[in-house]
Structure formats: structure tokens, C-alpha cells
Amino acid sequence: MRIAVISDTHDTLREEVLGQIRVADVVIHAGDISAPKLVEQIKENLRNSADFYSVRGNADGDWAENIPDTLELVLEQFRIFVVHNRKKAVIPDGCEIVISGHTHKFQKETKDGRLWLNPGTCGCRRFRQELTMAVLYIEGKACRVEKIIIDPLELTGKKGKYADTENATTGTGSLEEKANPLALSSGALRQVIDGILVGMKRGKTIARIAAEMNLEDSFVEEICRIYVTHPGVSVNGILDKLEVNRQIGA
């Protein structure tokens, strides 16, 4: 059995993804579809005998009220649990495969006899990331995962909209001298976050924003990820999420 696993399409279905859907026996979408037209597009590209399953993500609006938040499936001899944000779900006992999304990062990990699979995002690139999906192959009690890179992140500095080395060395400080925004007052930190969001909305790369604001790339990326994965979040909401991430070690 060939299972195409996708997530976080965010209103975009690329031809490479549709090509994988057309040859799959089952398609699973782990949420943040973002538009009903994508559901129809997936169904239109299914093989005649293929099944389609999806769960609702935090970016799916009222149109998705009939899409379940979680799913439990049995495919071949495997019990599979599907949820958008696995941190907000209680994983049922006996599930051998857990499929989730939300983080926009590919993850494949086997722990305590359970496969944890996040296909990453295969939709519209919103911040520094590669675009990925997964193909899960099941035969009886055996399974394997293939990572499909739809559009790799370019780090070469060549001409292109994601040449993240652009202006990467224009900051005023060395690596050791980068500002620590978490040491600022809450008011000053709000201004930093607002500046990052302004740069993001203007289409600047993570590296360029970090260099211009003398910040670590990882901090800028974290702010952008929170903004993208929590639509409509305010600056105060981002501050709260930062604190939560520090407490849980995310």
C-alpha cells in the first residue's frame, strides 16, 4: 500500500504533490488545508480506488467544521492516529503510527515501537524551510517512509527568491555580539517582534531580517513560524507563545 502523506498546504497544491497523489492508494492530509477548493482538487486527482482522509488544522476556518480534529485509521495491519498538532492531542494506546503537521518541519522518528511522522509543509513557502511531503509504504506488518523534497531550500546565494545568504553579513555585530532580545523589557521586545513581522511581510529573507536587526537567525525564524502557524496571532500572543516554548523546551 502506497500512502501519500501531506500537511500544511495553506491554499497551495503544487504539481509535484498532485503527481504523488495520483499514484497513491491512500492520501492523508494532516491539516491546515486552508481552502475547500484544495479538498476538491485532491479528490479530482485521486485514483478511482483511492481513499482520502484529512483532519482540521488551526488555519482551517468555518468551512472545515465538518472535518474531524483527529482520526483513527486501520490500514493493512497498522493502527494510525492523525492529528494536526500532536502536542494538543492524547494519543490513543495501541496506535503504531502517529501522523501530524503544524510545525512545517519534516520529522520521522521511531520511539518505543511507535512511528511518529510529520511530512512538513508542501504548500507555499512562508519562511526559511524546505517544502516536503512523505510517502508511507505498508506491506502487512512492515512499513517504511520516503521523504519527498518538493522544493529544497536554497542556501547558495544564487539569484532566486530564497537565496538566504543575501545581505547575511551586513549586520553590525559578530556572532558572539548578536543581540539577545529575550533580555529586553517586554515593551522593547514587542518592538523587535513587530520589526521582524514587518520585514517578513515585505518578503525579506530570515537572514536579511536577522542581519539588519542584529539578531540570531534562529530567533527570527521562531517568530516567523509562530506567526505563520497561528493565523491572526497578535504580538502579545507571540510573546506568550515564546514563553511557553521556553518552558517546554520546544
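**Exercise 1. Strand 1 and its partners**

Isoleucine 3 stands opposite leucine 136 in strand 9. Starting from this position, work out how strand 1 is paired with strand 9 and with strand 2.

Solution. This is a predicted model, in which local features need pLDDT of at least 70, side-chain atom pairs count only at pLDDT 80 or more, and totals for chains, interfaces and linings use all residues. Residues are numbered from 1 along each chain as its sequence is written, and side-chain values use heavy atoms, with hydrogens and water left out.

Step 1. Strand 1 covers residues 2-6 and strand 9 covers residues 131-139; four bridges join them in the antiparallel sense. Strands here are DSSP runs of E with at least two residues, helices are runs of H or I with at least four, and both are numbered from the N terminus. Two strands pair if DSSP finds at least two bridges between them.

Step 2. Alanine 4 faces valine 135 of strand 9.

Step 3. With strand 2, strand 1 pairs in the parallel sense, also over four bridges. Valine 5 has isoleucine 28 of strand 2 opposite.

**Exercise 2. The sheet that holds strand 1**

Give the strand order of this sheet and name the strands at its edges.

Solution. Step 1. The order is 3-2-1-9-10 in an open sheet of five strands, and the pairing is mixed.

Step 2. Strand 3 (51-54) and strand 10 (142-151) are the edges; each has a single partner strand, so one side of each lacks a neighbour in the sheet.

Step 3. From one strand to the next, the twist averages 20 degrees.

Step 4. Strand 9 and strand 10 run antiparallel and share nine bridges. Tyrosine 137 is opposite arginine 144 in strand 10. The hairpin of these strands has two residues between them, and glycine 140 takes a positive phi near 60 degrees there.

**Exercise 3. Cover on the sheet**

Which helices lie on this sheet, and which of its strands do they touch?

Solution. Step 1. Helix 1 (residues 15-22) lies across strand 1, strand 2 (26-29), strand 9 and strand 10, at about 150 degrees to strand 1. Axes are lines fitted to C-alpha atoms, for helices over the stretch in contact, and angles run from 0 to 180 degrees between N-to-C directions.

Step 2. Helix 2 (residues 36-44) packs on the sheet against strand 1, strand 2 and strand 3, and its direction makes about 155 degrees with that of strand 3.

Step 3. In strand 2, Val26 and Ile28 on one side and Val27 and His29 on the other are all buried. Buried means under 20% relative accessible area, exposed over 50%, and partly exposed in between, with a 1.4 Å probe and protein chains only. In strand 9, eight of the nine residues are buried.

**Exercise 4. The other sheet**

Describe the sheet with the order 4-5-6-8-7.

Solution. Step 1. It is an open sheet of five strands with mixed pairing.

Step 2. Strand 4 (70-75) and strand 7 (106-111) stand at its edges with a single partner strand each, so one side of each has no neighbour in the sheet. The twist averages 15 degrees from one strand to the next.

Step 3. Strand 7 runs antiparallel to strand 8 (residues 114-119), joined by six bridges. Phenylalanine 106 is opposite proline 119 in strand 8.

**Exercise 5. Aspartate 8**

Is aspartate 8 buried or exposed, and which residues does it touch?

Solution. Step 1. Aspartate 8 is found in the loop between strand 1 and helix 1.

Step 2. Its relative accessibility is 0%, so aspartate 8 counts as buried.

Step 3. Not counting residues up to four places away in sequence, aspartate 8 touches His29, Gly31, Asp32, His84, Gly101, His102, His104, Gly120, Thr121, Cys122 and Gly123. Contact means heavy atoms within 4.5 Å.

Step 4. Glycine 123 is 115 residues away from aspartate 8 in sequence, yet the C-alpha atoms are 6.4 Å apart.

**Exercise 6. Helix 3 against helix 5**

State how helix 3 and helix 5 cross and what kinds of residue make the contact.

Solution. Step 1. The axes of helix 3 (residues 186-201) and helix 5 (residues 217-229) come within 10 Å and cross at roughly 75 degrees.

Step 2. That makes helix 3 roughly perpendicular to helix 5. Angles under 35 degrees count as roughly parallel, over 145 as roughly antiparallel, 65 to 115 as roughly perpendicular and the rest as oblique.

Step 3. Helix 3 contributes Leu189, Val192, Ile193, Ile196, Leu197, Met200 and Lys201, which meet Phe219, Val220, Ile223, Cys224, Tyr227 and Val228 of helix 5.

Step 4. These residues divide into 12 nonpolar, no polar and one charged. Ala, Val, Leu, Ile, Met, Phe, Trp, Tyr, Cys and Pro count as nonpolar, Asp, Glu, Lys and Arg as charged, and the others, Gly among them, as polar.
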